Amino acid sequence: MEKLSEKDKELIRSSWESLGKNKVPHGVVMFSRLFDLDPALLSLFQYNTSCGSKQDCLSSPEFLEHVTKVMLVFDVAVSHLDDLHTLDDFLLNLGRKHQAVGVNTQSFAVVGESLLYMLQSSLGQAYTAPLRQAWLNMYTIVVAAMSQGWAKNGEDKAD
Ligand code: HEM
């Protein structure tokens, strides 16, 4: 597994200190960007209050719960930067669940792009090239584990 440098960890921790205090609004910025980049993802959120349009979805309580869940995964990752591999089982399982609800692994990359967009718009001048790379490195590790679980779920279904 890839490892993060000490500098990466420091940049991630210090930027998350403020962002992590306001998870939902920052998560909404991220998902709003995600739906602009790939509007077809709206249809994967099939709650009682449906996600017919981006605005419907962004104001649906169930959807905001998903936003909170995503941000909590980042929160857990940030608090485990020294031992991210301890999250492998959790992330494999999370990848399986996303395969089951119809999310493609390519969409995880679009989430990554949306995460960087959210960081840039929230951090302003503090969004530097090393900070961008540090977050990308962490997200790549998280998504690698999720993608393994995703692939495993697909194989199990093919059996
Ligand atoms: C293309 C992007 C994504 C889509 C379309 C998507 C969609 C979904 C859907 C439909 C569910 C099930 C319903 C729900 O719990 O709200 C779900 C569950 C969940 N998602 Fe996502 N998701 C995406 C990306 C992510 C990412 C990047 C993370 C975290 C890094 C994440 C974390 C979670 C968590 C923690 C759950 C709850 C799983 C459980 O029930 O144990 N999702 N997602």
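**Residue environments and the iron site in a predicted model**

Thr86 is partly exposed, its relative accessible area being 46%, a value that falls between the 20% below which a residue counts as buried and the 50% above which a residue counts as exposed. The model in which this residue was examined is a predicted one. Thr86 is placed in the loop between α4 and α5, where a polar atom of its side chain lies 2.7 Å from the backbone oxygen of Asp83. With respect to Val70, from which Thr86 is 16 residues apart along the chain, the separation between the C-alpha atoms amounts to 18 Å.

The two helices that flank this loop also carry the protein ligands of the metal. The iron atom of the ligand has His66 and His98 as its protein donors, each through NE2, and these lie 2.0 Å from the iron atom. Because His66 belongs to helix α4 (residues 61-79) and His98 to helix α5 (residues 88-100), the pair ties together parts of the chain that are 32 residues apart in sequence. The site of the iron atom is octahedral, with six donor atoms and angles among them of 84 to 179 degrees; for six octahedral donors, the ideal angles at a metal are 90 or 180 degrees. Both histidines, His66 and His98, are buried.

Around the ligand as a whole, the shell consists of 15 residues, of which Tyr47, His66, Lys69, Lys97 and His98 are the closest. Helices α4, α5 and α6 (105-123) each contribute at least two residues to this shell, and the greatest contribution, four residues, is made by α4. The space that the ligand takes up is the largest pocket. Several polar approaches to the ligand accompany this arrangement. In addition to the role of His66 as a donor to the iron atom, a polar side-chain atom of His66 lies 2.7 Å from a nitrogen atom of the ligand. For Lys69, an N or O atom of the side chain is found 2.6 Å from an oxygen atom of the ligand, and for Lys97 a side-chain N or O atom likewise lies 2.6 Å from an oxygen atom of the ligand.

Further residues were examined in other helices. Asp36, located in helix α2 (residues 23-37), has a relative accessibility of 48% and therefore counts as partly exposed. The C-alpha atoms of Asp36 and Lys54 are 8.5 Å apart in space, while the two residues are 18 residues apart in sequence. Gln133 lies in helix α7 (residues 129-158) and, at a relative accessibility of 37%, is also classed as partly exposed. Between Gln133 and Leu116, which are 17 residues apart along the chain, the C-alpha atoms are separated by 9.5 Å.

Cys57, in contrast to these partly exposed positions, is buried, with a relative accessible area of 0%. This cysteine is found in helix α3 (residues 54-58), and the distance from Cys57 to Phe108 is 19 Å, C-alpha to C-alpha, for two residues that are 51 residues apart in sequence.

Conventions: Residues are numbered from 1 along each chain as its sequence is written. This is a predicted model: local features need pLDDT of at least 70, side-chain atom pairs count only at pLDDT 80 or more; totals for chains, interfaces and linings use all residues. Side-chain values use heavy atoms; hydrogens and water are left out. Donors are N, O and S atoms within 2.8 Å of the metal (3.2 Å for Na, K and Ca); water is not among the atoms, so sites may look incomplete. Four donors count as tetrahedral if all angles lie between 85 and 135 degrees; four count as square planar and six as octahedral if opposite donors are over 155 degrees apart and all others between 65 and 115; anything else is irregular. Buried means under 20% relative accessible area, exposed over 50%, partly exposed in between (1.4 Å probe, protein chains only). A residue is near a molecule or strand if one of its heavy atoms lies within 4 Å of it. A polar contact is a pair of N or O atoms within 3.5 Å; within protein, one must be able to donate a hydrogen and the other to accept it, and residues adjacent in sequence count only if both atoms are side-chain atoms. On a 1 Å grid over the protein atoms alone, a cavity is a set of points where a 1.4 Å probe fits but cannot get out, and a pocket is an open set with protein on both sides within 12 Å along at least five of seven lines; lining residues have an atom within 4 Å of a point. A molecule sits in a cavity or pocket if more than half of its atoms lie within 2 Å of its grid points.
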